[in-house]
Amino acid sequence: MDPLLTLLKRDAHTAPEDLARELNLSAPEINARIARYEEEGVILGYQAILNTDKTGDDLVTAVIEVKITPERGGGFDRLAARISQFDEVTNCYLMSGGYDLLVIAEGRTLQAIASFIAEKLSTIQGVISTATHFRLKVYKENGVLLQREKGEARLAVAP
Amino acid sequence: MNLKKHIAHHVRDIPRSGIRDFFEIVQTMKDVISLGIGEPDFNTPWHIREAAIYSLEKGRTGYTSNLGLPRLRDAIATYVAEHFGIQYDGRTDVLVTVGVSEAIDLALRALVNPGDEVLFHEPCYVSYSPSITLAHGVPVAVPTFARDNFRLTAAELEKRITPASKVLMMNFPCNPTGATQTREELEKIAAVCVRHDLVVLTDEIYSELTYDGASHLSIASLPGMRERTIFMHGFSKAFAMTGFRIGYACAPAILTEAMMKIHQYGILCASITAQDAALEALEQGAPDVENMRREYELRRNYIVSSFNEMGLECFRPFGSFYVFPNISRTGLSSHEFSVQLLKQKSVAVVPGTAFGASGEGHVRACYATSLEQLKVAMARIGDFVRETKGARAA
């Protein structure tokens with residue numbers, strides 16, 4: 001993977017001038033490359049990674065294992081695309097193993113998610129079954145540890 | 001009672017470490033961003049720490065052979081053969097030591113007779129000159145210059161050879177300058193060593209940390225050199241194992257035997273826990289080294305660009321994790337620059353003079369620190385330089 005992408009994945013906020021210094025390129029080159037990646041859909045978007053415990057929102061997140069019947073000529077794709085359209089669904093993956101789709105959904109309350117699953121998700125033609133797990137605690141989000149060790153453990157000056 | 005007069009003269013006469021003095025000032029201040037820490041900011045890769053923990057769980061807590069665990073010595077011989085192209089016999093040529101620091105001390109004490117001259121390139125690591133003195137040798141500094149990107153040249157070396165010259169100490173990639181050697185120059189230096197029958201001690205501790213695709217060449221691999229070189233390396237920098245205190249020396253069996261004689265009485269053996277961890281590092285640690293090396297490369301690019309942008313000339317080093325910018329444009333000495341930067345901007349760099357007189361006019365900045373910290377530090381240094389130049393102009 002282009003080192004530029006690695007750096008952006010770590011911190012999309014990094015100023016082009018800093019990226020230029022780290023990669024030995026010019027800032028215009030960096031900007032041009034980023035624009036191209038956005039155009040080509042290599043970069044899908046930029047989002048702040050939030051600690052939802054501290055945002056004061058109290059959202060509930062559920063991880064749902066969905067079994068579906070694959071379709072002739074479409075496999076799992078059509079159903080997966082349809083499920084992905086829902087605003088409640090934040091992530092949707094096709095998985096190997098005991099179920100087909102892994103769906104991560106967010107709602108204001110447990111009941112809201114339960115309603116979503118019962119009324120909107122399970123009712124889709126082709127959905128065989130769902131198994132829902134509610135997320136209790138976040139330890140690491142998108143590569144970021146929520147509990148970060150503080151302070152410098154090293155001696156301040158060492159030869 | 002005057003205790004001072006009981007201290008051995010050669011110990012008493014070793015000057016106080018320049019770094020220690022500076023460290024004491026840093027200690028009095030809060031929230032200093034230190035670019036003066038000569039060790040990786042990465043933690044030892046988990047699987048290596050885990051190997052140490054497992055070793056303790058299994059109850060491996062006894063002495064090992066003086067030379068070190070046979071399996072580790074064999075792994076070291078394999079590693080050195082693969083990465084440096086030099087063949088050593090794990091059973092007779094390899095000595096596991098308490099860091100490269102101990103290897104240096106052993107090598108000097110095994111080789112040096114009182115009055116023997118030991119040459120080393122300057123600026124260099126703080127322990128070389130004192131270690132020579134402690135071994136009753138005479139330290140002979142060979143200056144290196146910015147115009148050569150601080151490479152040791154055969155010409156400068158030859159100027160300082162006398163009938164008493166016995167040993168040459170080398171460290172490339174170099175702490176503090178980041179200098180690396182070219183094959184051409186190493187061959188010339190090797191020729192000088194052969195001509196004057198010198199034994200060479202080569203400190204290879206930064207050899208995995210090379211950049212821009214530069215490949216590291218050890219003098220020990222050149223023709224005619226293996227038989228007169230003590231090859232020293234360790235785990236502190238490449239594997240981020242500084243606190244484990246583990247390293248090794250590879251040399252012709254006779255030299256290893258001589259070092260082992262001292263080691264067996266003074267230390268007995270390196271820590272078994274550290275040795276077990278080191279074995280894990282050699283067997284499984286290559287991907288971690290590469291990841292860290294890549295990180296250091298990015299930071300190096302950043303710090304070199306930053307220094308040059310603010311008008312402090314800084315060559316782009318091909319190795320280690322230090323840069324050695326020239327700060328003389330500010331009109332300040334190395335010491336003044338470092339102390340004033342520290343007091344005014346809470347950023348610590350180490351004055352070049354801590355590494356020898358040739359370091360005057362330079363400071364050592366270490367980029368083994370997170371990019372975030374680096375950016376803040378460089379911004380503050382930039383402000384300091386601008387303000388100082390402004391003061392000069394006024």
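Which residue in strand 8 of chain B is the bridge partner of H233(B)? In this predicted model, the partner of H233(B) is Y248(B). The pairing of strand 7 with strand 8 of chain B, examined here at the outset, is antiparallel and extends over 4 bridges. On its other pairing, strand 8 of chain B is joined to strand 2 of chain B, again in the antiparallel sense and over 4 bridges. Y248(B) takes part there as well, being the bridge partner of V96(B). Strand 8 of chain B is covered on both faces. G247(B) and A249(B) lie on one side, Y248(B) and C250(B) lie on the other, and all of these residues are buried.

These pairings belong to an open sheet of 7 strands in chain B, in which the order is 2-8-7-6-5-3-4 and the pairing is mixed. Strand 2 and strand 4 (138-143) of chain B form the edges, each pairing on one side only. On average, and with direction ignored, neighbouring strands of this sheet are turned by 20° against each other. Helix 4 of chain B packs on the sheet, where it touches strand 2, strand 7 and strand 8 (247-250) of chain B. The direction of helix 4 makes about 110° with that of strand 2 of chain B. A parallel pairing is found between strand 6 (residues 199-203) and strand 7 (residues 229-234) of chain B, which are linked over 4 bridges. Within this pair, T229(B) of strand 7 of chain B stands opposite V200(B).

Helix 10 of chain B comprises 13 residues, 272-284. From its first C-alpha to its last, helix 10 reaches 18 Å, close to the 18 Å expected at 1.5 Å a residue. The buried residues of helix 10 of chain B are A274(B), Q275(B), D276(B), A277(B), A278(B), L279(B), E280(B) and A281(B). Their cover includes two helices of chain B, helix 3 (46-57) and helix 4 (70-84), together with strand 2 (94-97) of chain B. Both helix 4 and strand 2 of chain B thus figure in the cover of helix 10 and in the packing of a helix on the sheet.

A further buried position is provided by helix 5 of chain B (residues 99-111), in which D105(B) is found. D105(B) counts as buried because 23 other C-beta atoms lie within 10 Å, where 20 or more are required. The C-alpha atom of D105(B) is separated by 9.2 Å from that of M259(B), although the two residues are 154 residues apart along the chain.

Strand 12 of chain B (residues 363-366) likewise has buried residues pointing both ways. V363(B) and A365(B) point one way, R364(B) and C366(B) point the other way, and all are buried. Strand 12 of chain B runs antiparallel to strand 9 of chain B, to which 2 bridges join it; in this pair V323(B) stands opposite A365(B). Strand 12 also pairs with strand 11 (residues 350-351) of chain B, in the antiparallel sense and over 2 bridges. There, P351(B) stands opposite V363(B).

At the level of domains, chain B is divided into domain 1 (3-44 + 287-393) and domain 2 (62-285). The C-alpha centres of these two domains lie 25 Å apart. Their contact takes 34 residues from domain 1 of chain B and 37 residues from domain 2 of chain B. On the side of domain 1 that touches domain 2, helix 11 (286-309) and strand 9 (322-323) of chain B each supply at least two residues. Helix 11 of chain B gives the most to this side, with 7 residues. By class, the same side of domain 1 has 16 nonpolar, 12 polar and 6 charged residues.

Chain A is likewise divided into two parts, domain 1 (3-40) and domain 2 (60-136). The centres of domain 1 and domain 2 of chain A, taken over C-alpha atoms, are separated by 35 Å. Between the chains, 21 residues of chain B are in contact with 11 residues of chain A. Helix 2 (18-27) and helix 11 of chain B are the elements that give two or more residues to the side of chain B that touches chain A. This side of chain B has 12 nonpolar, 7 polar and 2 charged residues.

Key
Residues are numbered from 1 along each chain as its sequence is written. Chains are lettered from A and ligands numbered from 1 in the order in which they are written. This is a predicted model: local features need pLDDT of at least 70, side-chain atom pairs count only at pLDDT 80 or more; totals for chains, interfaces and linings use all residues. The expected span of a helix is 1.5 Å times one less than its number of residues. A residue is buried if 20 or more other C-beta atoms lie within 10 Å of its own, exposed if 12 or fewer, and partly exposed in between; C-beta atoms are placed from the backbone. Two residues are in contact if their C-beta atoms, placed from the backbone, lie within 7 Å. Two strands pair if DSSP finds at least two bridges between them. Axes are lines fitted to C-alpha atoms, for helices over the stretch in contact, and angles run from 0 to 180 degrees between N-to-C directions. Domain bounds come from an automatic or database domain assignment. Ala, Val, Leu, Ile, Met, Phe, Trp, Tyr, Cys and Pro count as nonpolar, Asp, Glu, Lys and Arg as charged, and the others, Gly among them, as polar.
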